[in-house]
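Let's take a walk through this structure together, one piece at a time. Keep the 3D view open and turn it as you read.

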Number of protein chains: 2
Amino acid sequence: MIFQDATIQEIDQMMQEAWQAFLLYRKTTLKQRADLMRTIGAEIEALGDELIRTAMEETNLPEARLKGERARTIFQLTSYGAACEAGNWLEARIDTAVAEKSEPDLRKLQIPLGPVVVFGASNFPFAYSTAGGDTASALAAGCPVIVKAHPAHARTSELVAQVIAKAVEKCGLPKGVFTHVHGAGFETGKALVTHEYTRAVGFTGSTGGGKALFDWANQRQSPIPVFAEMGSINPVFVLPNKLKESAKEVAVTIAGSITLGTGQFCTNPGLIIGIDSADLQVFITELGAAIEKAAPGTMLHPGIAKAYAAKRKAALEQNEVTTVAISATGPAENQGIPTVASATGKTFLKNPLLHQEVFGPYSLVIRCADKKELLEVVRRLEGQLTTSVMATEKDTKEQADLLEAIQDLCGRLILNGVPTGVRVALSMQHGGPYPATTDSRYTSVGADGIKRWVRPLSFQNWDDALLPDALKNSNPLNIWRTINDQLTKDKL
Amino acid sequence: MIFQDATIQEIDQMMQEAWQAFLLYRKTTLKQRADLMRTIGAEIEALGDELIRTAMEETNLPEARLKGERARTIFQLTSYGAACEAGNWLEARIDTAVAEKSEPDLRKLQIPLGPVVVFGASNFPFAYSTAGGDTASALAAGCPVIVKAHPAHARTSELVAQVIAKAVEKCGLPKGVFTHVHGAGFETGKALVTHEYTRAVGFTGSTGGGKALFDWANQRQSPIPVFAEMGSINPVFVLPNKLKESAKEVAVTIAGSITLGTGQFCTNPGLIIGIDSADLQVFITELGAAIEKAAPGTMLHPGIAKAYAAKRKAALEQNEVTTVAISATGPAENQGIPTVASATGKTFLKNPLLHQEVFGPYSLVIRCADKKELLEVVRRLEGQLTTSVMATEKDTKEQADLLEAIQDLCGRLILNGVPTGVRVALSMQHGGPYPATTDSRYTSVGADGIKRWVRPLSFQNWDDALLPDALKNSNPLNIWRTINDQLTKDKL
């Protein structure tokens with residue numbers, strides 16, 4: 001099946017409809033939005049095997065993984081829907097009038113920005129694509145969504161889009177609440193980002209792609225916010241006492257994370273950092289042994305397999321980079337070969353290519369000469385989604401300065417765990433300093449992702465009857481509000 | 001007194017010191033930060049008449065206004081300090097581990113971004129300058145501040161900077177927590193915004209100035225957030241029944257707002273919009289009468305007076321723009337002449353120059369042919385800080401579509417009041433869609449301004465002893481936290 005790229009005229013028409021839908025959709029109650037999200041979840045479930053089969057064909061991802069991802073997607077829709085209904089994200093604030101100071105009654109809540117354009121990820125055909133986290137959080141916020149289908153899984157995207165449209169209709173909402181656009185070239189994306197009715201952009205993908213959207217959005221006559229999650233090499237620090245205690249166990253755990261899903265996660269641990277020692281050598285040997293045993297996997301599509309092969313080759317060919325281990329199983333076409341290499345801290349510090357993501361089952365172990373060099377590596381690392389530390393209690397005491405320094409690096413710190421596996425919860429930060437994302441103040445996983453699509457609006461001296469329900473004296477939504485600086489569910 | 005522009009080398013040295021200070025300052029307790037802010041407030045108070053006198057000389061603002069502004073500045077410091085201590089802005093979230101789903105313990109809080117560069121406003125030498133709202137909110141967040149003095153009130157800025165430095169020392173904090181830089185040319189500003197250790201920028205001023213900083217920040221190798229508040233024409237809608245009831249009273253109120261502080265507020269009502277009628281004509285006549293009685297005032301500095309004269313002249317010379325009234329008092333040198341003009345909705349819609357801010361005691365009354373044209377004017381207006389509506393209950397019922405449409409325009413909606421007078425409170429939104437600000441999701445007034453300078457950091461599977469106090473099981477800070485989706489002050 002081949003989908004036609006949308007023309008500029010079609011995009012304009014779609015955006016007009018999205019804007020008209022916004023004017024109605026923003027007036028829906030929190031419950032109506034949550035109902036829509038739950039209905040979308042149920043419709044996705046109802047697609048059954050057809051959806052899984054189509055995604056398997058387009059992405060080469062195994063059935064179990066796709067079923068897990070489908071469950072995650074539905075959980076996102078229902079849990080962000082629940083968060084939408086709970087209303088904490090509205091950040092309702094009321095300051096009552098102070099007559100003696102002539103200070104007026106002032107009340108504030110978060111309102112939706114307007115139509116949000118979403119560019120889904122190639123590596124998550126469900127959870128970070130058509131009905132994924134960006135779409136779910138934007139719908140919760142009260143924003144219509146325009147999804148540009150990822151060309152690598154356009155049929156899967158089309159199937160999901162059809163059931164979202166069905167859910168929108170079932171819920172009695174205007175069609176423009178959800179729009180699905182195909183476009184293989186960059187022109188479609190640019191037309192969407194630069195359209196006057198587009199009010200925000202969500203993106204998951206490459207640094208180049210995310211940066212292009214960011215630049216287009218900032219160069220508009222009226223700039224708009226872009227949240228682009230652009231990947232990461234997710235450093236893992238393996239500390240001396242931990243290695244002394246359990247080098248093999250740590251190696252096996254990290255090898256599992258490197259090769260999980262053929263390494264095609266933005267949280268893949270692409271960099272492992274330790275201080276050179278006999279224990280680190282044991283760790284490297286064990287990691288190599290585990291990688292040799294790992295089987296190659298078919299990658300998402302030929303383009304990604306080709307890019308992996310090229311980037312892996314370039315990394316391994318760098319001066320003073322040693323190949324530690326390669327999967328013992330010969331790869332079939334379009335498969336990614338599990339690979340681990342190693343280099344000294346000195347080599348890493350002077351070669352920026354080694355800081356770049358090699359998207360696939362690849363990781364580089366950095367052997368630092370000493371603690372000082374290890375801290376210098378931290379200082380020179382670019383922004384990351386995550387940083388992990390494998391450490392005993394003794395390590396954490398001895399390396400307090402490292403534990404502090406890594407806070408500048410990333411959005412999520414993991415102790416004795418691996419970065420793959422991103423829990424969907426309010427406390428999740430899936431984001432980080434540039435170039436991990438274009439704005440470290442936001443997350444794309446968890447209900448706090450809603451914040452990307454809203455802005456505050458204050459009502460001064462407004463009549464109670466004219467105020468949004470969230471701000472009325474009687475607190476009809478029964479939500480938490482900050483009244484005169486105190487959090488409360490009280491009426492006024 | 002003439003201050004030397006900082007050289008690039010000096011700026012680099014300052015930023016290095018600010019970064020080193022950040023590493024210590026971010027570890028201070030919330031109470032330590034609040035103490036610093038209270039100490040700065042007390043030191044500003046202690047400057048007494050010298051500060052007021054110096055500011056009067058540099059800005060031509062009257063004593064009473066400056067004393068009021070000083071009190072506001074101290075209130076900002078102390079109230080944002082109190083908000084800092086209360087800790088709600090930390091947005092502490094905890095999701096406990098779920099063993100059966102292999103979900104790890106995850107906890108999140110807001111951490112400071114790093115050194116913040118602040119460009120103060122010419123029109124608020126205290127409250128939005130050296131120790132103003134941007135500085136106060138950044139210090140609360142845990143960020144060192146680098147203020148570039150506004151060249152129009154460099155001596156005032158220097159005085160305030162000296163007492164901030166004194167307060168920093170008194171509180172036992174490193175000197176780099178606060179840095180003061182002079183620089184009349186744009187090179188100083190550019191060097192500050194593009195320095196690798198600068199992590200965010202706050203600005204209050206012109207559209208051109210704010211946009212330049214925004215572009216520099218986005219073009220960095222590692223882009224950083226800029227919150228630039230760039231002014232607004234703050235439309236005021238005068239509705240039919242309200243005019244029928246009290247045209248004169250409304251006119252007098254608005255005239256007071258137009259001429260307050262010689263119109264030198266970013267919330268000055270520069271546009272008044274109504275539907276043409278005999279009542280609107282009465283309103284215009286009364287507004288003209290009040291403006292004729294208003295005296296010209298000396299503007300902040302000759303540059304601003306000259307810009308006002310030029311922009312006012314250009315506006316009055318536009319085709320089909322009628323001068324309604326000019327102050328009957330002849331102006332002295334550098335004074336701004338209170339002026340009101342009028343035009344039809346049709347004229348306004350076709351002439352973009354009439355949409356531009358004329359910074360000073362000037363306002364333009366738009367006479368729309370009908371409700372449809374009035375809504376078209378709303379649709380074509382650029383982003384604003386505020387929108388005001390003068391309306392009876394009958395008006396608000398009859399003009400529900402207008403009340404809804406203006407929500408897209410601005411950050412603050414005012415009913416039967418004027419936009420001047422910005423309450424410092426958590427419920428204040430001082431911000432709005434571009435070009436009012438560069439990011440409508442943030443405010444520069446109220447303790448929510450702290451959010452501009454922080455980002456979330458998640459801790460996964462972290463030991464209780466290693467967690468920041470805000471996230472420890474025992475809740476030692478006694479703050480509100482969201483634990484498994486429930487807001488609570490409970491321990492775990």
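In chain A, the C-alpha centres of domain 1 and domain 2 lie 35 Å apart. Keep in mind that this is a predicted model. Domain 1 of chain A is made of residues 8-230 + 440-482, while domain 2 of chain A covers 235-415. Where the two domains touch, eight residues of domain 1 of chain A are in contact with 11 residues of domain 2 of chain A. On the domain 1 side, those residues divide into one nonpolar, five polar and two charged.

Stay in chain A and look for helix 6, which spans residues 186-194. Which of its residues are buried? They are A:Thr188, A:Gly189, A:Ala191, A:Leu192 and A:Val193. These buried residues pack against two helices and several strands of chain A: helix 1 (8-25), helix 7 (207-219), strand 3 (116-119), strand 4 (145-148), strand 5 (178-181) and strand 6 (200-204).

Now bring in chain B. How are the two chains related? Give chain A a turn of 180°, with a shift of 0.0 Å along the axis, and you can lay it on chain B with an RMSD of 0.0 Å. The two copies are therefore related as by a two-fold rotation axis. If you want to find that axis in the view, start from A:Asn218: of the residues of chain A, A:Asn218 comes closest to the rotation axis, with its C-alpha at 3.9 Å.

How many residues does each chain bring to the contact? Chain A gives 50 residues and chain B gives 50 residues. On the chain A side, strand 1 (93-95), strand 2 (106-112), strand 16 (410-415) and strand 17 (454-460) each supply at least two residues. Strand 17 of chain A gives the most, with six residues. Sort the chain A side by residue type and you get 21 nonpolar, 17 polar and 12 charged. The copies meet through the same surface, because 100% of the interface residues of chain A are also interface residues in chain B.

Strand 17 of chain A deserves another look. Three bridges join strand 17 of chain A to strand 16 of chain B (residues 410-415), and the two run parallel. For one of the residues involved, A:Gln460, the bridge partner in strand 16 of chain B is B:Ile414. As background, strands of a sheet pair through backbone hydrogen bonds, either parallel or antiparallel.

Zoom out and you can follow the whole sheet. It is an open sheet formed by 12 strands, in the order 19(A)-18(A)-1(A)-2(A)-17(A)-16(B)-15(B)-8(B)-9(B)-14(B)-13(B)-11(B), and the pairing is mixed. Strand 19 of chain A (486-488) and strand 11 of chain B (322-326) stand at the edges, each with a single partner strand, so one side of each is left without a neighbour in the sheet. From one strand to the next, the twist averages 20°. Helix 10 of chain B (residues 278-293) packs on the sheet, where it touches strand 8, strand 9, strand 11, strand 13 (339-344) and strand 14 (362-368) of chain B. The direction of helix 10 makes about 45° with that of strand 11 of chain B. Within this sheet, three bridges join strand 8 (residues 235-238) to strand 9 (residues 271-275) of chain B, and these two run parallel. Here B:Pro235 stands opposite B:Leu271.

Next, a residue in chain B: B:Ile304, which sits in helix 11 (residues 302-316). Is B:Ile304 buried or exposed? B:Ile304 has 21 C-beta neighbours inside 10 Å, and the cut-off for buried is 20 or more, so B:Ile304 counts as buried. Leaving out residues up to four places away in sequence, B:Ile304 touches B:Ser122, B:Met299 and B:Phe359.

Finish with some backbone details in the loops. A cis peptide bond joins A:Tyr434 and A:Pro435, with omega about 5°, and A:Pro435 lies in the loop between strand 16 and strand 17 of chain A. In chain B, a cis peptide bond joins B:Tyr434 and B:Pro435, again with omega about 5°. A:Asn334 has a positive phi of about 65° although it is not a glycine, and A:Asn334 is found in the loop between strand 11 and strand 12 (335-336) of chain A. A:Asn461 has a positive phi too, of about 60°, and lies in the loop between strand 17 and strand 18 (481-483) of chain A. With 15 other C-beta atoms within 10 Å, A:Asn461 is partly exposed.

Conventions:
Residues are numbered from 1 along each chain as its sequence is written. Chains are lettered from A and ligands numbered from 1 in the order in which they are written. This is a predicted model: local features need pLDDT of at least 70, side-chain atom pairs count only at pLDDT 80 or more; totals for chains, interfaces and linings use all residues. Helices (H or I, at least four residues) and strands (E, at least two) are DSSP runs, numbered from the N terminus. A residue is buried if 20 or more other C-beta atoms lie within 10 Å of its own, exposed if 12 or fewer, and partly exposed in between; C-beta atoms are placed from the backbone. Two residues are in contact if their C-beta atoms, placed from the backbone, lie within 7 Å. Domain bounds come from an automatic or database domain assignment. Ala, Val, Leu, Ile, Met, Phe, Trp, Tyr, Cys and Pro count as nonpolar, Asp, Glu, Lys and Arg as charged, and the others, Gly among them, as polar. Two strands pair if DSSP finds at least two bridges between them. Copies are superposed by least squares on the C-alpha atoms of residues with pLDDT of at least 70 in both. Axes are lines fitted to C-alpha atoms, for helices over the stretch in contact, and angles run from 0 to 180 degrees between N-to-C directions.
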